[in-house]
Amino acid sequence: MNRAFFHRSSTVALLAAALASAWLLAACRPAETLNLNQPDVWPHGAMVSAANPLAVAAGIEMLEQGGNAIDAAIATHLVLGLVEPQSSGLGGGGFLLHYDRSTQATLFLDGRETAPAGATVDMFMTDKGAMGYIEAWVSGKAVGTPGMVALYHQAHQQAGRLPWSTLFEPALALARDGFVVSPRLAGYLPMMAQRSRLAKNEGSQDYFYPDGKPLVSGELLKNPEYAETLNAIATLGPSAFYTGEIAEAIVQAAARPPHPGTLTLSDLADYQVKSRPVICGPFRTYRICTTSPPSSGAAQIMIPNLYDQLAPNSVQPFDHIIRFVDAQRLAYADRDHFFGDPDEISIPLDILLSPEYLQVRAKDRFAPDEPVSHGDVWQFKGASAETPRWAPDTTDEMAGTTHLSIIDFDGNAVALTATVEGPFGSQRWAKGFVLNNEMTDFAKTVPEDGSAVANAVAPNRRPRSSMSPTLVFDETDALVLVTGSPGGNSIPAYVAKNIIAVLDWGLTPQMAVDHPNIIARGDTIRVEIGRGEGQAIAEALEAYGYSVRRREGENSGLHSIQVTPTGLQGAADPRREGVVQHLTNPSH
Ligand code: DON
């Protein structure tokens, strides 16, 4: 018997009907009529929440100089690339979601790394099947064309306010004069020397292991190569990165063994940021807006809506957790099956986000310990012969990403999630930064029967991403929440927890971030027992028949800002090293 679904009552139908009409109403309102109640003056000041205090300080410095959320996001991220190189940087990519309060416009810029033109569907296959994660992670084939510098530039051109070179000043000063190595950065290094090539590769060896010893927490570290790189980009623009000496160093690093990659100077010169649709869906009286594929942002709309469709049962202990778990299981199965590069494959996004589909999907029955399969999208209006049928997903992922949330003095916002994929990316070093291993975000295994996987490797294709920066608006279209997280495959679960905990469980953003993470992908539920009610939640889920894997801690890095009637409330994830800083008055 499926106990998780057993008690659900016929109120499902009523809720579904209410949801459907709310959805239609929200979907039908033209955006330009929505802004009638917005006061002209933003009363709440500005805020930066990110994974390192030095990076937050850089964002704050830009805001103090009269910069906006885009300026602050770029300066913050340039410092993260220096002080948190295990997570993201110039050698990687990211997704930036921007909200301009004066026009109510939202913008999604996709700076995802892209497969080299020489990439092939079977590039991670060996005689013995697909490479294991570590073999692929440290390989040259894992390196995709980095998107971050082009992303900064496009964002700045579209909406930045300060001069381009100003954004580089805080990171440049820290790289030149030195910064204090954080416990988290130092903590990775002994393990990385054992498991990866970080202590062996040219450049990374000397930088992270001077005299053969890993850097220690508290020591002052300078990165003159990063300073030079920043100086070149600040002075000459992104062409200094995508052509010339820096591009050559990137190509050389990707071409080294083991498993040399095919990245070329043309791949770098051809790189383009894509401006993609922001997808929005209603959740009760709110509107959740997030990034479209290749991001998995759609999960941030699906999970809260499926959560509501699964009717509450007040008798069931931890009912809200069980609904959250079941909603995740359904959404993850769909994400895993259908998502990939939207320029290359057809993704039935309209169907997956429609109230009709979500209503039917919520009734799909799977026993708590049974794997969940994707929904039957083909029975819905809008499906066509082009709606593909894929082989089961074979993608696997690991940890190395960061998220920052910013609101500026005009109430504009940026949610930026950026990555090098695994810790320190591919550990290949070029001019002061590590290169990504984002190509391992593709499905590495090619099915033996010749069928295709949605997220298969192909030349110039972008791998599917779990990164899902998200903005939530209320019924007056005022901004309510800015959020996102690293965490690989667990990102949809971490971010959805943050959204549901704030909007439904009534928690402050910090309490929501602190709440134990619960990840329900596949047939095992991971529960973070080292926090709050984690142990009791694990026991309750087991009592309902779920197969539970207890984890002492999880690797989320949620950085969120909530706009409340009384002001901004920020949250930084205690699982990482982040902080929140609030500026009440512009000093410029
Ligand atoms: O784009 C993605 O989904 C992954 N490369 C993200 C990896 C990640 O979040 C690792 N986090 N700690």
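**Note on the cavities and the ligand site**

1. The structure holds 5 cavities of 30 Å³ or more. The model is a predicted one, and the points below should be read with that in mind. The largest cavity has a volume of about 60 Å³. Its lining is made up of 12 residues, and those closest to the cavity centre are T401, E421, D441, M467 and G488.

2. What kinds of residue form the lining of the largest cavity? They divide into 5 polar, 5 charged and 2 nonpolar residues.

3. Where does the ligand sit? The ligand occupies the largest cavity. Around the ligand there are 19 residues, of which G400, T401, E438, S465 and G488 come nearest. T401 and G488 are also among the lining residues closest to the centre of the largest cavity.

4. The shell around the ligand can be sorted in the same way as the lining. The shell residues comprise 8 polar, 6 charged and 5 nonpolar.

5. Two glutamates make polar contacts with nitrogen of the ligand through their side chains. For E438, a polar side-chain atom lies 2.5 Å from a ligand nitrogen atom. For E421, the distance between a side-chain N or O atom and a nitrogen atom of the ligand is 2.8 Å. E421 is one of the residues closest to the centre of the largest cavity, while E438 is one of those that come nearest to the ligand.

6. S466 meets the ligand through its backbone: a backbone N or O atom of this residue is 2.7 Å from an oxygen atom of the ligand. On its own the ligand has 340 Å² of accessible area, and the protein covers 100% of it.

7. On the level of the whole chain, the division is into domain 1, residues 1–26, and domain 2, residues 46–269 + 403–470. How far apart do the C-alpha centres of domain 1 and domain 2 lie? The separation between these centres is 42 Å.

Technical notes
Residues numbered from 1 in each chain as written. Predicted model: local features only at pLDDT ≥ 70, side-chain atom pairs only at ≥ 80, totals over all residues. Heavy atoms only, no water. Near = heavy atom within 4 Å. Polar contact = N/O pair within 3.5 Å; in protein donor to acceptor, adjacent residues only side chain to side chain. Areas by Shrake-Rupley, 256 points an atom, 1.4 Å probe, with all protein chains shown as cover. 1 Å grid on protein atoms, 1.4 Å probe; cavity = no way out; pocket = protein on both sides within 12 Å on 5 of 7 lines; lining within 4 Å. Sits in = over half its atoms within 2 Å of the grid points. Nonpolar A, V, L, I, M, F, W, Y, C, P; charged D, E, K, R; others polar. Points joined across faces, edges and corners; volume = space filled by probe spheres on them. Domains from an automatic or database assignment.
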